[in-house]
Amino acid sequence: MLFRRTVALLASLTLPLAACSAPAAAPRPAPSPSRPAFDGKASIAASLSGIDAGVYSFVLTTRSGAVNGILDAPGRSLETTSRRQIGDLDLEVTSRMLIIGDQQYLKVAARGADWDELLENIAKHRGEKLPEDVRETSELLGGENWVSVPKKPGVPDLTRPDALGLKALLSHVETTRGSSEAGNNRIAGTLDVSRLDKSPDLLGSMAKLSLPAKALAGKPAPYAAYLTHGRLTMLDLTMPGGAGHWLIEVNDYGTARPAPAPLASQVKKLSPDYLEPLTEGSPVRV
């Protein structure tokens, strides 16, 4: 604009004197650029660059419990903490899983009346040789010891960038609607979750454990994705079949760091037969 005005001024100075009696026409203002149409799918895809980098923390909250996770894919490490109720028992179990390379560790803490009853029975028989399963149960669920859990053949790598499965899930977006204002976006629509329980990641594991397959088949799930300064920070997903809301929060892009491996003195060895149910049906029991 400054260049155009300068050119107009120089031109007016070179006009013949006879023409100076008439004012020069004001330059027309440049047209304002039109705002591009909002593209929800493109915005969601662009918001997942932090997922591709593989360093972030997350919280997955469902009706049955919550899982907190910290992932460092370049360092091949993942830390998760989950809480769940065990059937109809008065027993809540908090599980902490740590994966570093090919090594997996589990630490479990239990609380509730049924756990207290088990501890009382153990105390009554102090000094006696306890059955192996009772001894191992008390050692495992006391919350003080780590247990080394062998990695099963065919279990997917949960230290890859999309170990959570968020990018895989959002690749099945069907519809979008939303807006973009000052770098903060809310995008809503529906996505296909019919194959979620087959996905080799933590979201797929959670779906397989907590949702019947028929609840997912052929029914799109409404969602609302929240982007802050171009990055996905929260996904609110309404699961079909009355399974309620799944709330997924992602934070600490580029700065999240899982805990280091436990010391050898902090790791207990349990029998293979006892370890088998701990990871049955899921790469990480949540």
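Let me start at the hairpin of strand 4 and strand 5, where two residues sit between the strands and glycine 101 takes a positive phi near 65°. This is a predicted model, so please hear every value that follows as computed from predicted coordinates. Strand 4 covers residues 92-100, strand 5 covers residues 103-111, and the two run antiparallel, joined by nine bridges. At the turn end, isoleucine 100 of strand 4 has glutamine 103 of strand 5 standing opposite.

The loop of this hairpin also takes part in a salt bridge, since the side chain of aspartate 102 meets that of arginine 76, at 3.2 Å from N to O. Arginine 76 lies in the loop between strand 2 (65-72) and strand 3 (77-85), and aspartate 102 in the loop between strand 4 and strand 5, so the pair ties together parts of the chain that are 26 residues apart in sequence. With a relative accessible area of 34%, arginine 76 is partly exposed.

A second salt bridge involves strand 4 itself: glutamate 79 pairs with arginine 96, and their closest N and O atoms are 2.9 Å apart. Here the link goes from glutamate 79 in strand 3 to arginine 96 in strand 4, with the two positions 17 residues apart in sequence numbering. Is each partner buried or partly exposed? Glutamate 79 counts as buried because its relative accessibility is 10%, which is under the 20% cut-off, whereas arginine 96, with a relative accessible area of 26%, is partly exposed.

Next to arginine 96 in the numbering is serine 95, which also belongs to strand 4. Serine 95 is buried, because its relative accessibility is 8% and the limit for that class is 20%. Which residues does serine 95 touch, once those up to four places away in sequence are set aside? The contacts are Thr80, Thr81, Ser82, Leu106, Lys107 and Val108. For one of these, threonine 80, the C-alpha to C-alpha distance to serine 95 is 8.0 Å, with a separation of 15 residues in sequence. As background, side chains in a regular strand alternate between the two faces of the sheet.

Moving away from the hairpin, a search of the whole structure finds five salt bridges, and one more deserves a mention here. The side chains of aspartate 52 and lysine 167 meet at 2.6 Å, N to O, and this pair links distant parts of the chain, with aspartate 52 in helix 3 (residues 49-53) and lysine 167 in helix 6, 115 residues apart. Both partners are partly exposed, aspartate 52 with a relative accessible area of 42% and lysine 167 with 35%.

Let me turn to the chain as a whole. The protein chain has nine helices and 12 strands, and 38% of its 286 residues count as buried. Among contacts between residues at least 6 apart in sequence, 61% join residues at least 24 apart. The accessible surface comes to about 16,200 Å², of which 56% belongs to carbon and sulfur atoms.

Finally, a word on confidence. The mean pLDDT of the chain is 76, and 64% of its residues reach 70 or more. Confidence is highest in helix 6 (residues 166-170), at 95, and lowest in helix 1 (residues 2-13), at a mean of 34. Over residues 1-23 pLDDT stays under 50, and the model has four contacts beyond four places in sequence for that stretch. Over residues 281-286 pLDDT also stays under 50, although there the model has 24 such contacts.

Terms used: Residues are numbered from 1 along each chain as its sequence is written. This is a predicted model: local features need pLDDT of at least 70, side-chain atom pairs count only at pLDDT 80 or more; totals for chains, interfaces and linings use all residues. Side-chain values use heavy atoms; hydrogens and water are left out. Helices (H or I, at least four residues) and strands (E, at least two) are DSSP runs, numbered from the N terminus. Buried means under 20% relative accessible area, exposed over 50%, partly exposed in between (1.4 Å probe, protein chains only). Contact means heavy atoms within 4.5 Å. pLDDT is the predictor's confidence in each residue, from 0 to 100. Accessible areas come from the Shrake-Rupley method with a 1.4 Å probe; for residues, only the protein chains shown count as cover. Two strands pair if DSSP finds at least two bridges between them. A salt bridge is a side-chain nitrogen of Lys or Arg within 4 Å of a carboxyl oxygen of Asp or Glu.
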